[in-house]
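This briefing covers one sheet, the helices that pack on it, and one contact between two helices. Please read it alongside the sequence and the structure shown here.

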Amino acid sequence: MKKVGILTMYYRRNYGGILQSLALYKVLETMGYSVELINFRESETTLKHIRNRIFLLKALLNKDLLFQRINEWILNWRKKRKENPQSLYTAFEKFKEENILIYSIKVDEFSISTILGKYDLIVVGSDQVWSDLGKKQLPFMLDFPTLDYKGKIIAYAACSSYNIVPMYNREKVRMCLSKFSAVSVRDTNTYNLIRDYCEKTPAIVADPSALYDYKAIIDEKPLYSEPYMFVYILGSEIKGGQNEFIKRLKQKYKIERVVAIAISNVSLEAEKIADKIYYDASPTMWINLLYHATLIYTDSFHGCMFSLKYKKEFIAYYVCQSRASRLLHLKEKFHLSNIISSVEEYDLISTLLIDYNKVYPIFEQYKNESLKFLCESLTC
C-alpha cells in the first residue's frame, strides 16, 4: 500500500482548515492509500523575524503587494481581539482524535527532510498554502534545505490570497513548481498567479470539502428547533453596516434567533449581531450549526462551500481584497448573486434566492472532475 503525506495548514484553529484536511485525508483513504498528515510547523527563530522584515522592505518596491499588506494591517489593527479559550484547543484536539487523523512526528523546515522519504507521494494543499510567495523560504512548495525527495509531489487545490509573485522570488517559484508532477489550484486568482511559472497548465479544482460527505459527523437532530441564522465572520463587517442589515434579513426570512461561532483572536464582529455565540465550538458543532440553519451569513470561503454543498440559503460578503478573490471565484463558477460587497449591492439585486436546480448540477460536475484529477494525478 502506497503511503501519502499531506502537507497543509491543518493546525490553525480554523474550521474550514481542519474540515478540508479531514476531507482530503478520508478521500485518499478511500482510494486505497495509507495517509498521514505531515505535522509541519515553521521554526520560530530570529532569522525568520529578520527575513520577514527584509520581505517588507522589498515589498516597498511593489505597490500592489504593499497596498494589500497595508490594508490587512489596518483591518487587523482595528479588530478587537482576545485570546482563545483553552476549551477551543481542546475541542479541536478531540475532533482530530475522534476522526482518527494520523500525524507524523513534529517537524520544521530543518528536520522535515528526515521524514519525507517514507512517503511515496506528497500532496500539498488545500487552503491558503501559497498565500505568501514573498518569503525567503517557501515551505508549501517543498523549498527546504537539504531536500532530497524522490517521490511524486502533487498540489491539490492550493490557494493564494495575493495576485502577484514578487520579482525577486519568481525564479524560485518556477524552480519549486518544476518539482511537482501535477499542479491544481482552488480559484482563478491563484491560477493567474502561478500559471506562468508552471511547465504544465494548472487545473482549477474544488476544495476538498466538496469531495467528502461528512456523514460521520452530521447529526440529523438540530441543536435548535426553531429557524435560526448561522453567522460565521472572519473579518470586518459588511460595507454599509450590518446591524440594520441583519434585522432586515431576519424579517425577510422570518428568523428570530441568530447563532454564531467566533474565533476570538481572529474576529469578534459576530458579537454585535448574535443572540447566542460560541467561542469554543468543535468543528463538528460548526458543520452541524450550518447544516441545520435556515440562513447562513458569512464572509468565509468555507462558509460558502458548505452552504453550497448542503443546498443552503446564504448571504456572503467580502471587504478586503485578500478575501474577495476566493468568494468571487465561487460567485462566477456557480453564477451566484448572493455574494456581495456591500449592503447597497444587496439592495440592487432583485433576488438572492439560489436556484439549486441549476447550481447543484454544476457543483456535482465540479466535484467529479476534481476527483478525477486527483485520482489520475496520483496514479499517472
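The model is predicted. Helix α9, residues 283-292, lies across strands β7, β8, β9 and β10. The direction of α9 is at about 140° to that of β7.

**The sheet**
- The strands lie in the order β9-β8-β7-β10-β11-β12, six in an open sheet with parallel pairing.
- The edge positions are taken by β9 (276-278) and β12 (339-340); each has a single partner strand, so one side of each is left without a neighbour in the sheet.
- At the β12 edge, the parallel pairing with β11 (residues 314-317) runs over two bridges.
- Within this pair, Tyr317 is opposite Ile340 of β12.

**A second helix on the sheet**
- Helix α8, made of residues 243-252, also packs on the sheet.
- The strands touched by α8 are β7 (228-232), β8 (257-261), β10 (295-298), β11 and β12.
- The direction of α8 makes about 165° with that of β10.

**Contact between α10 and α13**
- Helix α10 spans residues 301-309 and helix α13 spans residues 356-379; their axes come within 10 Å.
- The two axes cross at roughly 110°, and α10 and α13 are therefore roughly perpendicular to each other, since angles of 65 to 115 degrees count as such.
- From α10, the contact involves Met305, Ser307, Leu308 and Lys309.
- From α13, Tyr356, Val359, Tyr360 and Phe363 take part.
- Sorted by class, the residues of this contact are six nonpolar, one polar and one charged.

Terms used
Residues are numbered from 1 along each chain as its sequence is written. This is a predicted model: local features need pLDDT of at least 70, side-chain atom pairs count only at pLDDT 80 or more; totals for chains, interfaces and linings use all residues. Side-chain values use heavy atoms; hydrogens and water are left out. Two strands pair if DSSP finds at least two bridges between them. Helices (H or I, at least four residues) and strands (E, at least two) are DSSP runs, numbered from the N terminus. Contact means heavy atoms within 4.5 Å. Axes are lines fitted to C-alpha atoms, for helices over the stretch in contact, and angles run from 0 to 180 degrees between N-to-C directions. Angles under 35 degrees count as roughly parallel, over 145 as roughly antiparallel, 65 to 115 as roughly perpendicular and the rest as oblique. Ala, Val, Leu, Ile, Met, Phe, Trp, Tyr, Cys and Pro count as nonpolar, Asp, Glu, Lys and Arg as charged, and the others, Gly among them, as polar.
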